[in-house]
Amino acid sequence: MKTRLFLTGALLAGVATLISCSRPKPSFTTETLTFEDSSRRDQGLQAGVKFVRMTADDEALAPLAAAFNAAVLNFFAQDLTLTDSTGQIHAITDFNSIKANLAALMEQNLADSLLFSYYGECNQIHTNGQLLSLSMTCSFYFGGAHGMNRCNYKNFDMETGQVLTAGEFLADTARFISLAKQLYEETHAGQPIPSFEELGSNIPLPTNILFTDTGIHLQYNPYEIAPYSEGYIMLDIPYSTLNKYNMLKPEFAAKYLPENAVWTRKSAGQPQENA
């Protein structure tokens with residue numbers, strides 16, 4: 001399945017959207033490849049992958065495509081890089097290597113009479129012409145007391161391919177964490193996270209922060225700040241709230257926020273509403 005996307009601020013929706021203009025905007029193509037093997041589920045073996053690959057249709061977006069594809073491969077490589085009995089490393093270099101390594105893992109676990117399960121998925125969540133967000137998740141069982149879940153988010157500058165870090169968009173990390181903790185407790189009344197109290201003011205910034213159409217999504221992986229039994233700890237903060245508490249750097253907001261987000265920018269010392 002191929003989806004063409006243009007730098008127009010349109011949401012990725014799996015359908016090509018072209019805005020007529022005198023000079024075409026740089027564009028890229030994404031291709032989704034899927035693999036699933038549940039033929040031996042009755043033997044405790046199953047695997048599936050949703051893999052996304054990007055091609056730049058314009059040289060201007062070559063850095064973005066390279067960074068995007070590297071992020072996807074690195075995500076799968078964390079779990080699926082193999083070293084065989086001869087010491088040879090079977091790296092994750094493309095979609096076919098993912099399938100090959102999964103097949104090898106399933107055969108190995110079948111021979112050892114062990115259970116094996118792996119499901120990984122990549123999705124483009126949002127783009128507004130300046131920023132593109134990528135979500136990568138997986139759930140797996142390679143033996144032990146229980147399976148594991150893991151997610152990884154990336155927010156890319158579409159012009160440079162640079163992965164944007166929290167330090168580049170948060171005005172004050174400590175204030176942001178305090179606000180996130182407060183909002184979580186307000187929206188999850190009766191479902192306290194014990195580690196919040198144990199950590200006090202030392203709660204770390206989540207590894208995963210994702211920009212969406214309406215705000216930012218925070219997600220802690222299991223064991224990141226709480227026991228496995230708590231699962232993912234998630235919170236969505238709308239742009240209006242980020243604006244109210246001046247949580248994002250004005251220069252970041254001016255460049256990267258979606259056109260439909262309400263944000264107060266300062267220009268020549270005077271506030272301006274951007275709707």
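How many aromatic pairs does a search of the whole structure find? The count comes to 12 aromatic pairs. Keep in mind that this is a predicted model. Here is a quick tour of some aromatic rings, a helix that carries a couple of them, and the cysteines.

**Phe75, Phe76 and their surroundings**

- Let's start with Phe75 and Phe76, which make an edge-to-face aromatic pair, with 5.6 Å from centre to centre and 80° between the planes.
- The pair counts as edge-to-face because its planes are over 60 degrees apart.
- Phe75 is tucked away as a buried residue, at a relative accessible area of 1%.
- Phe76 is buried too, and its relative accessible area is 0%.
- These two rings also belong to one aromatic cluster, made up of Phe51, Phe75, Phe76 and Phe95.
- Phe75 has a charged partner as well: the charged end of Arg150 sits over its ring, 4.3 Å from the ring centre.

**Helix 1**

- Helix 1 covers residues 62–80, which is 19 residues.
- At 1.5 Å a residue, helix 1 should span 27 Å, and its end C-alpha atoms are indeed 27 Å apart, so the two values agree.
- Phe75 and Phe76 are among the buried residues of helix 1.
- The buried residues of this helix also include Leu64, Ala65, Ala67, Phe68 and Asp79.

**Phe211 and Phe252**

- Another aromatic pair joins Phe211 and Phe252, and this one is tilted: the centres are 5.3 Å apart, with 40° between the planes.
- This pair links distant parts of the chain, as Phe211 lies in strand 9 (residues 208–211) and Phe252 in helix 7 (residues 250–256), 41 residues apart.
- Phe211 counts as buried, at 2% relative accessibility.
- Phe252 is buried as well, with a relative accessible area of 3%.

**Cysteines**

- How many disulfides does the structure hold? The answer is zero.
- Cys122 is in no disulfide, and the nearest cysteine sulfur, which belongs to Cys138, is 9.3 Å away.
- A disulfide needs two cysteine sulfur atoms within 2.5 Å, so Cys122, at 9.3 Å from its nearest cysteine sulfur, has no partner.
- Cys122 counts as buried, with 0% relative accessibility.
- Cys138 is in no disulfide either; for this residue the nearest cysteine sulfur is that of Cys151, at 9.1 Å.
- Cys138 also counts as buried, at 3% relative accessibility.

Methods. Residues numbered from 1 in each chain as written. Predicted model: local features only at pLDDT ≥ 70, side-chain atom pairs only at ≥ 80, totals over all residues. Heavy atoms only, no water. Phe/Tyr/Trp six-rings, centres within 6.5 Å; stacked < 30°, edge-to-face > 60°. Buried < 20%, exposed > 50% of the residue type's maximum accessible area, 1.4 Å probe, protein only. Helix = DSSP H or I, 4+ residues; strand = E, 2+ residues; numbered from the N terminus. Lys NZ or Arg CZ within 6 Å of the ring centre and 35° of its normal. Expected span 1.5 Å × (residues − 1).
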